[in-house]
Amino acid sequence: MNQMLQEPEVQSPPQNVETSHVPDVPERPPVHPRFVKPQRVAFVQSSWHRDVVEECRIAFLEEIEARHITRAQVDLFEVPGSFEIPLHAQLLAKTRRYTAIVAAGLVVDGGIYRHEFVADTVIKALMDVQLRTEVPVFSAVLTPQQFHDSAVHHDFFRKHFVIKGIEVAEACANTLHSLERLRGQVAAGIVG
């Protein structure tokens, strides 16, 4: 079996470490800063392996809402495959309606061409979009080393896309806060 699909071994604490003295602290949700100005995000998702990729969108929407960008502030777009994402991202960025664009897709080895080239092209194009338009573009376009159309792989990558959805929401919100501060400093003449 592919090592990537195996569960990691859980290690017990060393014998000489006492863990009974740690008090139970109730888990509190993290406090995320609020934005000064309204944010609007475009989420562009490929429909290829939709059942896997949609897990990223669902997790993203939940996490971004916890970070003070409501579901109503996120516009969803679907394209046929990952290769089509950069053009959509560029057109959306040029509207100046969005403060960020998030891309999600799964590029797998179809046996006909080298999928790494497709993934590399998509990522480079997304980077070009953000540098040309100054609208941050975040990628959850993933290229697994191995993906087989099996229940085990679908389940594994659905779970992985949940993690990626949370991570891309965190990166998006943190970057938007950072850019908001930086633009405020530039406007105030502190940086420039």
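**View 1. The four-stranded sheet.** Two strands count as paired here if DSSP finds at least two bridges between them. By that yardstick, this predicted model has an open sheet of four strands, ordered β2-β1-β3-β4, with parallel pairing. The edges go to β2 and β4 (137-142), each with a single partner strand, so one side of each has no neighbour in the sheet. Going from one strand to its neighbour, the average turn is 15°, direction ignored.

**View 2. Zooming in on β1 and β2.** Here we look at one pair from the sheet, strand β1 (residues 41-46) and strand β2 (residues 74-79), which run parallel and are joined by six bridges. To find your way along the pair, look for V44, which sits opposite F77 of β2. Another handy marker is S46, which faces V79 in β2.

**View 3. Helix α1 and the crossover.** Between these two strands comes helix α1 (residues 50-66), and β1, α1 and β2 together make a right-handed β-α-β unit. The helix lies across β1, β2, β3 and β4. Its angle to β1 is about 165°.

**View 4. A salt bridge inside the helix.** Staying with α1, pick out R57 and E54, which form a salt bridge with 3.6 Å between the closest N and O atoms. Both residues belong to helix α1 and are three residues apart, or about one turn of the helix. How accessible is E54, then? Its relative accessibility is 24%, so E54 counts as partly exposed, given that buried would need a value under 20%.

**View 5. D51 reaches a distant stretch of chain.** D51 is another residue of helix α1. With a relative accessible area of 31%, D51 is partly exposed. Which residues does D51 touch once its neighbours within four places in sequence are set aside? The contacts are H154 and R158. With R158, there is a polar contact of 3.0 Å between the side chains. For a sense of the sequence separation around here, take D51 and D155: they are 104 residues apart along the chain, yet their C-alpha atoms are 9.8 Å apart in space.

**View 6. D75 and its two arginines.** Side chains of opposite charge can pair when their charged atoms come close. The whole structure contains nine salt bridges, and this view shows two that share D75. In one of them, the side chains of R40 and D75 meet at 2.9 Å, N to O. This pair ties together distant parts of the chain, with R40 in the segment before β1 and D75 in strand β2, 35 residues apart. The other joins D75 to R97, with the closest N and O atoms 3.4 Å apart. That link is also between distant parts of the chain: R97 is in the loop between α2 (85-94) and β3 (100-106), 22 residues from D75 in strand β2. Put together, R40, D75 and R97 form a network of salt bridges.

**View 7. Burial around the network.** Is D75 buried or exposed? Its relative accessible area is 16%, and because the cut-off for buried is under 20%, D75 counts as buried. Its partner R97 has a relative accessible area of 47% and is therefore partly exposed, as the exposed class starts over 50%.

Note on methods:
Residues are numbered from 1 along each chain as its sequence is written. This is a predicted model: local features need pLDDT of at least 70, side-chain atom pairs count only at pLDDT 80 or more; totals for chains, interfaces and linings use all residues. Side-chain values use heavy atoms; hydrogens and water are left out. A crossover is right-handed if, with the strands pointing away from the viewer, the path from the first strand over the helix to the second runs clockwise. Buried means under 20% relative accessible area, exposed over 50%, partly exposed in between (1.4 Å probe, protein chains only). Contact means heavy atoms within 4.5 Å. A polar contact is a pair of N or O atoms within 3.5 Å; within protein, one must be able to donate a hydrogen and the other to accept it, and residues adjacent in sequence count only if both atoms are side-chain atoms. A salt bridge is a side-chain nitrogen of Lys or Arg within 4 Å of a carboxyl oxygen of Asp or Glu. Axes are lines fitted to C-alpha atoms, for helices over the stretch in contact, and angles run from 0 to 180 degrees between N-to-C directions.
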